[in-house]
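Subject: The structure I mentioned

Hi,

Here is the structure I promised to pass on. Have a look at it first, and then read my notes below.

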Amino acid sequence: MSILYVDHEINNLNSFKATFRRDAEIFLANSTEEGFKILDEHKIDVIFADHQMPDMTGLEFLKLASDQYPSSMRVLLTGNAYTEEFRWAAGKGYFHSYVNKPWDEQQLRTLMISRLY
């Protein structure tokens, strides 16, 4: 399984990789631009994207990813409350799941495993 995690906070990226490196091939991007480059170069099974990023929101990133890479499972990570905008975007299929930050390791593992089936 291959996973892309997009977040502008380096500590979050490092923590994610340290936690899940034995479970999957992990790709990290500290910008959405870098995230799209990785998506262009590799088959990614699961995309995790932080919502609060400087160049575009995680929701905007996942919307574009849903158009260009529809077979990838997409998960929005955010410290924000679940809003009407998120409900609408989930209904449109821009992301499959929503996870509050700080993320729970077991919750993310469950999402990864669900992608296998």
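One cut-off before anything else: an angle under 35 degrees between two axes counts as roughly parallel. Keep in mind too that this is a predicted model.

That cut-off matters for the helix pair H2 and H3. Their axes cross at roughly 15° and come within 11 Å, so H2 and H3 count as roughly parallel to each other. As for the hand of it, the H2/H3 crossing is right-handed. On the H2 side the contact is made by Thr32, Gly35, Phe36 and Leu39, and on the H3 side by Phe61, Leu64, Ala65 and Gln68.

**The sheet**

Now for what the helices sit on. There is an open sheet of five strands, in the order E2-E1-E3-E4-E5, and the pairing is parallel. Which strands stand at the edges? They are E2 (25–29) and E5 (97–100); each has a single partner strand, so one side of each is left without a neighbour in the sheet. From one strand to the next the twist averages 20°.

If you want to walk through the registry, start with E1 (residues 2–6) and E3 (residues 46–50), which pair in the parallel sense over four bridges. Ile3 has Val46 of E3 as its bridge partner, and Val6 stands opposite Ala49 in that strand. On to the next pair: E3 and E4 are joined in the parallel sense over five bridges. Val46 turns up again here, standing opposite Met73 in E4.

How many residues of E3 are buried? Five of its five are, so to speak a full house. Both faces of the strand are covered, with Val46, Phe48 and Asp50 buried on one side and Ile47 and Ala49 buried on the other.

**The helices**

H1 (residues 10–20) lies across E1, E2 and E3, and runs at about 180° to E2. H2 (residues 32–41) also packs on the sheet, where it touches E1, E2 and E3, and its direction makes about 145° with that of E2.

The buried residues of H1 are Asn12, Leu13, Phe16 and Phe20. Looking down the H1 axis, you will see them fall within an arc of 100°, so they line one face of the helix.

In H3 the buried set is Gly58, Leu59, Phe61, Leu62, Ala65 and Ser66. Down the axis of H3 these fall within an arc of 155°, so they too line one face of their helix. What do the buried residues of H3 pack against? Their partners are E1, H2, E3, E4 and H4. Two of the buried residues, Phe61 and Ala65, are also among those that make the contact with H2.

**Three residues to click on**

Ser2 is in strand E1. With a relative accessible area of 4%, Ser2 is buried. Beyond its sequence neighbours up to four places away, Ser2 touches Glu25, Phe27, Lys43, Ile44, Asp45 and Val46. For a sense of scale, Ser2 and Glu85 are 83 residues apart in sequence and 28 Å apart in space, C-alpha to C-alpha.

Ser72 sits in the loop between helix H3 (58–68) and strand E4 (73–78). Is Ser72 buried or exposed? Buried is under 20% relative accessible area, and Ser72 has 3%, so it counts as buried. Leaving out residues up to four places away in sequence, Ser72 touches Ile44, Asp45, Ile47, His96 and Arg115. Ile44 and Asp45 are also on the contact list of Ser2.

Tyr82 is in the loop between E4 and helix H4 (84–91). At 34% relative accessibility, Tyr82 counts as partly exposed. Its contacts, neighbours within four places in sequence aside, are Arg87, Ala90, Phe95 and Tyr98. Tyr82 and Met53 are 29 residues apart in sequence, and the distance between them in space is 17 Å, C-alpha to C-alpha.

That's the tour. Shout if anything looks odd when you load it.

Cheers

Notes: Residues are numbered from 1 along each chain as its sequence is written. This is a predicted model: local features need pLDDT of at least 70, side-chain atom pairs count only at pLDDT 80 or more; totals for chains, interfaces and linings use all residues. Side-chain values use heavy atoms; hydrogens and water are left out. Two strands pair if DSSP finds at least two bridges between them. Axes are lines fitted to C-alpha atoms, for helices over the stretch in contact, and angles run from 0 to 180 degrees between N-to-C directions. Contact means heavy atoms within 4.5 Å. Buried means under 20% relative accessible area, exposed over 50%, partly exposed in between (1.4 Å probe, protein chains only). The arc is that of the directions from the helix axis to the C-beta atoms. Angles under 35 degrees count as roughly parallel, over 145 as roughly antiparallel, 65 to 115 as roughly perpendicular and the rest as oblique. A crossing is left-handed if the near helix is turned anticlockwise from the far one by less than a right angle, and right-handed if clockwise.
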